[in-house]
Amino acid sequence: MIIILTLAGNSFLFPYAITYKEQYYNLFHTHYQQYPEDVMENIYWLQRAVAADFCNPQYALAKIKDETQWEKYRYLFMMHVNIKLAEQHLRLGRTWDKYNIYFYDEPWKEEYLRNLDTAEACYSTGLYYWNEAKAWAEKANSKEFLFLYITDQQFWEDERERIYTGDLDYEKTINRELSRIKEAKDTLNSMDGGY
């Protein structure tokens with residue numbers, strides 16, 4: 001009897017393979033306070049979601065009735081995941097960013113320059129994902145989808161519309177951060193040790 005109960009209990013412990021975009025996306029989560037390791041974990045799951053295949057339409061994150069809806073769903077999904085990747089890279093870049101440079105920062109100049117290089121790389125990667133999100137949003141805005149809405153994922157539809165109208169524009173934010181980093185690096189490089 002004990003052996004049967006042990007075998008029956010262990011059958012629930014076997015993991016299932018995660019293979020589809022939707023499964024990887026479901027592993028993305030936001031903490032109240034995100035530490036760098038939480039952000040990097042989210043980036044990992046989102047990048048895996050981008051690279052994976054879509055699941056069968058009957059298991060999608062929205063109710064799919066026909067092929068046209070399925071096509072728009074895929075465009076919206078990819079747009080949303082790329083937006084989340086851009087956001088996570090912005091959040092990660094802030095970990096190494098130095099917003100204000102003071103004259104007394106000169107002894108740590110090399111360390112600050114390395115950190116600013118890392119922040120710049122994060123922001124640049126975020127800009128790449130933002131451009132990808134805009135490309136997917138443009139596909140979801142084509143004429144064939146003019147009066148078709150995925151109402152189960154209204155937030156994705158709202159993001160698409162906000163990108164179309166320009167209300168959602170991470171490119172502006174990222175470019176502002178990149179130009180500020182350039183100024184900070186110039187200030188650090190101009191320090192001559194006479195603090």
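E120 and K185 form a salt bridge in this predicted model, their closest N and O atoms being 2.7 Å apart. E120 belongs to helix 5 and K185 to helix 7 (residues 170-189), so this pair ties together parts that are 65 residues apart in sequence. It is a handy place to start a tour of the charged pairs, the nonpolar core, the aromatic rings and a couple of individual residues.

**Salt bridges**

- The salt bridges of the model come to a count of 12.
- In the E120–K185 pair, E120 is partly exposed at 26% relative accessibility, whereas K185 is buried at 17%.
- R180 and E177 also meet through their side chains in a salt bridge, with 2.5 Å from N to O.
- Both R180 and E177 lie in helix 7, three residues apart, which is about one turn of the helix.
- E177 is buried, its relative accessible area being 9%.
- Salt bridges with shared partners join K72, E157, R160 and E161 into one network.
- Within that network, the closest N and O atoms of E161 and R160 are 3.4 Å apart.
- Is R160 buried or exposed? With a relative accessible area of 6%, R160 is buried, while its partner E161 counts as partly exposed at 35%.

**The nonpolar core**

- In soluble globular proteins, nonpolar side chains tend to be buried together.
- Here, the largest nonpolar core holds 46 residues, and Y73, I83 and W130 are those with the most contacts inside it.
- Which helices each supply at least two residues of this core? They are helix 3 (36-51), helix 4 (67-96), helix 5, helix 6 (154-165) and helix 7.
- Helix 4 provides the largest share of the core, with 13 residues.
- For a closer look at W130, set aside its neighbours within four places in sequence: W130 is then in contact with I83, A86, I163, L168, D169, Y170 and E171.

**Aromatic rings and charges over them**

- Across the whole structure, a search finds 18 aromatic pairs.
- One of them is Y44 with W45, an edge-to-face pair with 5.0 Å from centre to centre and 65 degrees between the planes.
- Y44 counts as partly exposed, at 39% relative accessibility.
- Ring pairs also link Y25, F28, F54, W70, Y73, F77 and W156 into a cluster. Y73 will be familiar from the core, where it is among the residues with the most contacts.
- Two lysines are worth a look beside their rings: the charged end of K98 sits over the ring of Y112, 4.9 Å from its centre, and K139 lies over the face of W136, at 4.4 Å from the ring centre.

**Q34, in a loop**

- Where is Q34 placed? Q34 is in the loop between helix 2 (21-26) and helix 3.
- Q34 is buried, because its relative accessible area of 14% falls under the 20% cut-off.
- The side chain of Q34 makes a polar contact with the side chain of R91, at 3.2 Å.
- Not counting residues up to four places away in sequence, Q34 touches H29, V39, N42, Q88 and R91.

**S124, in a helix**

- S124 is found in helix 5 (residues 109-140), the helix that also carries E120.
- S124 is partly exposed, with a relative accessible area of 35%.
- From C-alpha to C-alpha, S124 and V81 are 17 Å apart in space, and they are 43 residues apart in sequence.

Conventions:
Residues are numbered from 1 along each chain as its sequence is written. This is a predicted model: local features need pLDDT of at least 70, side-chain atom pairs count only at pLDDT 80 or more; totals for chains, interfaces and linings use all residues. Side-chain values use heavy atoms; hydrogens and water are left out. Helices (H or I, at least four residues) and strands (E, at least two) are DSSP runs, numbered from the N terminus. Buried means under 20% relative accessible area, exposed over 50%, partly exposed in between (1.4 Å probe, protein chains only). A salt bridge is a side-chain nitrogen of Lys or Arg within 4 Å of a carboxyl oxygen of Asp or Glu. A nonpolar core is a set of buried Ala, Val, Leu, Ile, Met, Phe, Trp, Tyr and Cys residues joined through side-chain atoms within 4.5 Å. Contact means heavy atoms within 4.5 Å. A polar contact is a pair of N or O atoms within 3.5 Å; within protein, one must be able to donate a hydrogen and the other to accept it, and residues adjacent in sequence count only if both atoms are side-chain atoms. Rings of Phe, Tyr and Trp (its six-membered ring) pair if their centres lie within 6.5 Å; planes under 30 degrees apart count as stacked, over 60 as edge-to-face and the rest as tilted. A charge sits over a ring if NZ of Lys or CZ of Arg is within 6 Å of the ring centre and within 35 degrees of the ring normal.
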